[in-house]
Amino acid sequence: MQTPIILWADDEIDLLKPHIIFLTNKGYEVVPVVSGADAVEKVKLQKFDIVFLDENMPGMNGLEALNQIKQIKPNLPVVMITKNEEEHIMEEAIGAKIADYLIKPINPNQILLSIKKILDNKRLVEEKTNLNYQQNFRELSMSFSDKLSHEEWVEVYKKLIFWELEIDRTQNKSMGEIIDMQKSEANNNFCKFIKKSYEDWLNDANVSRPLLSHQLMKKKVFPLLQGDEPVFFLLIDNLRFDQWKILEPIISEYFNVEEESAYYSILPTTTAYARNAIFSGMMPSEMEKKYPDLWSNEDDEGGKNNYEEDFLKAQLLKNKHEIKSSYHKILNVEQGKVLVNSISNLMNNKLNVIVYNFVDMLSHARTDMAMIRELAPDESAYRSITYSWFQHSSLLEALKKIAEKKVKLVITTDHGTIRVKRAYKIVGDKSVNNNLRYKVGKNLTFDEGGVFVVKKPERFFLPRKNISSSYVFTIEDNFFAYPNNFNYYVNYYKDTFQHGGVSLEEMIIPIITLSSKK
């Protein structure tokens, strides 16, 4: 390993010899200079790993030298050392992107800590993260074998996401394969849990059940209407829990998180079923029966979510909420800009519903466009693209405007997605739907060992077009493929993000209640 080289500028450098000897004995090379001007010249001529600058030097002072050094080497870490504790000096140094700020008198260990924080931070963080994960690995794996409740599965999933994001932040991601294997094991057990529990949740009033899609508005949104503030309900399609966690720091600059919880998406975990259930407050077969003019079956042409606003109005009326409300579905950039410009007017409404489709479009674009697949080959890159989009999106601009007023904000989604890896053979006729994670139809042929089969759709509150119709859901990271074109399906769809089936990522999804910091 190459010896780190430190440039130290101080007009009283001779008095710092004990510190320089200490650092030399610790394996660092120190180049001393006596002025800011000398420091700037040295930076032009030589490569350094870190610079220590005394703030109060005659001639060119530390702040002036700092500005010039940053122009020459913008990414060179600079530590400002000063006797002066005046706030404006600290602010100016911080504004110039210093790496650290030390107040004299300084001791050797203080200097060493600053160096390690700057130069060894990534290595030390990775070592500590890996050690902590290894210590938690066995405990987490043991929990999968227990008979967990729906609440405990949420906590397990949150812990897995925590460690996935922690490992993702490390430099080498050396524990990445291990956390992937552990998530796969967890998903295997979670799918067994859903197979055993889901039907009872829908039919047995005496069992403990989670909050489900069709209960979301009534349980989480409508109670907020009793308050004085306008309520904004933001549904970002396809937003997984890990994606929420990377967006949370940005949103938390403008809103206080009052409650972070999760709910379970109904099956199929698709927009047509889960999102319509949210806005109608009903399960799919109930919607089909009560609102046949609004509900679209699998073989109906056109969009499956064209009547969300109608469903919402009907649910508000059913729950005796005669309020002023609005509904906005954002499908492109122009619609996003219109929303931003209308925020001030929306403050006159009691409830404002906003549906953002970007993350859903990203997952489908990743399947269809080679360039997107290159940019997002895995979960880490998928999160990164989501983060980059959000930073520069009209949605963030809208949230900033919303935060200027005293409001309640609920952020959620209708389902998540999972990166599919293994093809699962199924045979059906031309009437079978084309979703890769679930199939509905008659005379479906498949191996029942690795799927969740619903032979009585009425028990799952799913529409049944024919007497012999059944639903088949993929589990874990499988996707359906037809034998007569099997290799094509494998090559085209493997490692793409899909939804509709049973997995932690698709079913356990965030519901966040926030209030504006204003």
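**Figure 1. Helix 6 and its buried residues.** In this predicted model, helix 6 buries E126, T129, N130, Y133, L140, S141, S143 and F144. These buried residues pack against two other helices: helix 7, residues 150–168, and helix 8, residues 176–203. Helix 6 itself covers residues 121–144, 24 residues in total. From first C-alpha to last it reaches 33 Å. That is close to the 34 Å expected at 1.5 Å a residue. Even so, helix 6 has a kink of about 35 degrees, centred on N136. An α-helix has 3.6 residues a turn, so residues three or four places apart point the same way.

**Figure 2. P108 in helix 5.** P108 belongs to helix 5, which spans residues 108–119. Is P108 buried, exposed or partly exposed? P108 has a relative accessible area of 28%. Buried means under 20% and exposed means over 50%, so P108 counts as partly exposed. Its contacts, leaving aside neighbours within four places in sequence, are H19 and F22. V154 sits 46 residues from P108 along the chain. Their C-alpha atoms are separated by 47 Å.

**Figure 3. Strand 3 between strands 1 and 4.** Strand 3 holds residues 50–54, and five of its five residues are buried. I50, F52 and D54 point one way from the strand. V51 and L53 point the other way, and they are buried too. Strand 3 pairs with strand 1, residues 5–9, in the parallel sense over four bridges. In that pairing, A9 stands opposite L53. Strand 3 also runs parallel to strand 4, residues 78–82, and four bridges join the two. Here the bridge partner of F52 is V79 in strand 4.

**Figure 4. Two nonpolar cores.** The largest nonpolar core has 105 residues. Which of them have the most contacts inside this core? They are W153, I194, Y198, F233, Y264 and F279. Another core lies apart from it and has 21 residues. L7, V43, L53 and L76 are among them. In soluble globular proteins, nonpolar side chains tend to be buried together.

**Figure 5. The six-stranded sheet.** This open sheet has the strand order 7-19-10-6-9-8, with mixed pairing. Strand 7 and strand 8, residues 325–330, stand at the edges. Each has a single partner strand, so one side of each is left without a neighbour in the sheet. The twist averages 15 degrees from one strand to the next. Within the sheet, strand 6 (residues 231–236) and strand 10 (residues 408–412) pair in the parallel sense over five bridges. The bridge partner of L234 is I411 in strand 10.

**Figure 6. Helices against the six-stranded sheet.** Helix 11 lies across strand 6, strand 7, strand 8 and strand 9, the last being residues 351–356. Helix 11 runs at about 170 degrees to strand 6. Helix 14, residues 333–346, also packs on the sheet. Helix 14 touches strand 6, strand 8 and strand 9. Its direction makes about 165 degrees with that of strand 8.

**Figure 7. T270 in a loop.** T270 lies between strand 7, residues 255–264, and helix 11, residues 271–280. Is this loop residue, T270, buried or exposed? T270 is buried, with a relative accessible area of 5%. Buried means under 20%, so T270 meets that cut-off. Leaving aside neighbours within four places in sequence, T270 is in contact with R275, H415, N435, Y438, H499 and G500.

**Figure 8. The three-stranded sheet.** This open sheet has the order 13-16-15 and antiparallel pairing. Strand 13, residues 438–441, and strand 15, residues 451–454, stand at the edges. Each has a single partner strand, so one side of each is left without a neighbour in the sheet. Neighbouring strands are turned by 15 degrees against each other on average, direction ignored. Strand 13 pairs with strand 16, residues 470–474, in the antiparallel sense over four bridges. Y438 has F473 of strand 16 as its bridge partner. Y438 is also one of the contacts of T270.

**Figure 9. The setting of the close-ups.** The protein chain has 20 helices and 19 strands. Of its 518 residues, 54% are buried. The C-alpha atoms fill a box of roughly 90 × 50 × 45 Å, taken along the principal axes. Among contacts with a separation of 6 or more, 74% join residues 24 or more positions apart.

Terms used:
Residues numbered from 1 in each chain as written. Predicted model: local features only at pLDDT ≥ 70, side-chain atom pairs only at ≥ 80, totals over all residues. Heavy atoms only, no water. Core = buried A, V, L, I, M, F, W, Y, C linked by side-chain atoms within 4.5 Å. Buried < 20%, exposed > 50% of the residue type's maximum accessible area, 1.4 Å probe, protein only. Expected span 1.5 Å × (residues − 1). Bend = angle between axes of the 7 residues up to and from the residue. Contact = heavy atoms within 4.5 Å. Pairing = 2+ DSSP bridges. Axes fitted to C-alpha atoms, helices over the stretch in contact; angles between N-to-C directions.
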